[in-house]
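Let's take a walk through this structure together, strand by strand. Have a look at the sequence and the picture first, then read on.

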Amino acid sequence: VTIKASWQGLSVTAPLTVSPATITALEVTPSAPVVAVGVWLKLDAVAVYSDGSTQQVSGLASWQSSAPAVAAVDNTPGGNGKGLVQTLGPGETTVTATWAGTSGSTVITVEQIGLIELQVTPFGPTLPVGYTTPFQATALFKDFTVQDLTPQVSWTSKTPAVASVSSAFGSKGMVTPLKPGKAVIVATWQGKSGQTAVTVTAAALESIAITPASATMKVQASLPLQAVGTFVGGLELNLTPYVTWMSESPPIVSVSNAWGSKGVAKALAKGQTAVIALRDGVEAKAAVVVE
């Protein structure tokens, strides 16, 4: 079948093939994790089919914890948090996902583990004004395990006029450089804090380079592209999520601008074209041949 999307006189189509394959297993990951009390853990459910293909079904599955007092799992219909586990007390629980009549599970061990350090990354970055960047808070526990606590910590900026940071659900840790200067971004969790210093520059973007600069692809193949920007003064920054991606011939190659897949090129038909990365009036091109 061909799917067509239209908006304000523009349209795009994409072929969709429906397979007769049947589901053979439901895999829940991570497998048998050991985590500390008081953290959140995102579980994923992936359906495996008889033709070897897979499908992410975390948001479609029904989730259940065998010991909710140890760890509770979000099963809110239509919610974005399905499969999100909150650890509440020491012990073990089996979290099960069920979809299309098939179930899969993982055993979670929850322990009372002390926190050694809370790291905030990237370490000491330099960011141009307007380039909002995701920061991450990582906990290092006394058993030497690590856990991403970005959505759990409280985020603050010591100089919010220079660089602000979001502590709102869904955008936690997103730092927005506002004007030249220095700011310290702080993450706090259970009385422990970590921080990193941010230097904000007003340097203008000089050039963009796409990697790879040229590529040969097979029809239906995908290729992640990267855009690196050079600013006045020599600062280099990965601009892949910041640029607008375009193709000179979308029927041959299309490039995603969607969050989470920005810069991923998909070969749709034989031919050759150029892929473009554009930001602040500066652009770069990469040649793509589809065989």
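Two strands count as paired if DSSP finds at least two bridges between them. Strands and helices themselves are DSSP runs, numbered from the N terminus: a strand (E) needs at least two residues, and a helix (H or I) at least four. Before we dig in, note that this is a predicted model, where local features need pLDDT of at least 70, side-chain atom pairs count only at pLDDT 80 or more, and totals for chains, interfaces and linings use all residues. Residues are numbered from 1 along each chain as its sequence is written, and side-chain values use heavy atoms, with hydrogens and water left out.

**Pairs around β22**

Strand β21 (residues 181–189) runs antiparallel to β22, and 9 bridges join them. One bridge partnership here links Trp189 with Lys192 in β22. The two strands make a hairpin with 2 residues between them, and in that turn Gln190 has a positive phi of about 50°. β22 (residues 192–201) also pairs with β14 (residues 126–128), this time in parallel, through 3 bridges. There, Pro128 stands opposite Thr201 of β22. As general background, strands of a sheet pair through backbone hydrogen bonds, either parallel or antiparallel.

**Strand β26 and its neighbours**

Which residues of β26 are buried, and which are not? Buried means under 20% relative accessible area, exposed means over 50%, and partly exposed is in between (1.4 Å probe, protein chains only). Along β26 (residues 226–231), Ala227, Gly229 and Phe231 point to one face and are buried. Gln226, Val228 and Thr230 point to the other face and are not buried. That fits a general pattern: in a regular strand the side chains alternate between the two faces of the sheet.

β26 pairs with β23 in the antiparallel sense over 6 bridges, and Ala209 sits opposite Val228 of β26. With β27 (residues 236–238), β26 shares 3 bridges, again antiparallel. Gly229 stands opposite Leu237 of β27. The hairpin of β26 and β27 has 4 residues between the strands, and Gly233 takes a positive phi near 100° there.

**An open sheet and a core**

Now for an open sheet of 4 strands, in the order β24-β32-β31-β28, with mixed pairing. β24 and β28 (244–247) stand at the edges with a single partner strand each, so one side of each is left without a neighbour in the sheet. The twist averages 25° from one strand to the next; such angles run from 0 to 180 degrees between N-to-C directions, with axes being lines fitted to C-alpha atoms (for helices, over the stretch in contact). Within this sheet, β31 (residues 271–279) and β32 (residues 282–290) run antiparallel and are joined by 9 bridges. Leu278 stands opposite Glu283 of β32.

What about the nonpolar core? That's a set of buried Ala, Val, Leu, Ile, Met, Phe, Trp, Tyr and Cys residues joined through side-chain atoms within 4.5 Å. The largest one has 71 residues, and Trp63, Trp155, Ile208, Leu239 and Trp245 touch the most other members. β32 gives the most to this core, with 5 residues. In general, nonpolar side chains tend to be buried together in soluble globular proteins.

**A valine on the outside**

Is Val146 buried or exposed? Val146 belongs to strand β17 (residues 146–148), and with 56% relative accessibility it counts as exposed. Leaving out residues up to four places away in sequence, Val146 touches Thr138, Ala139 and Leu140, where contact means heavy atoms within 4.5 Å.

**Unusual backbone spots**

Most residues other than glycine have a negative phi, and most peptide bonds are trans. Here are two residues that go the other way on phi, with their places and accessibilities.

| Residue | Phi | Loop | Relative accessible area |
|---|---|---|---|
| Ala32 | near 50° | between β3 and β4 | 49%, partly exposed |
| Ala100 | near 55° | between β11 (91–99) and β12 (102–111) | 53%, exposed |

There are cis peptide bonds to spot as well. The bond from Thr29 to Pro30 is cis, with omega near 0°, and Pro30 is found in the loop between β3 (23–29) and β4 (34–36). Another cis bond joins Thr211 and Pro212, with omega about -5°. Pro212 lies in the loop between β23 (205–211) and β24 (214–217).
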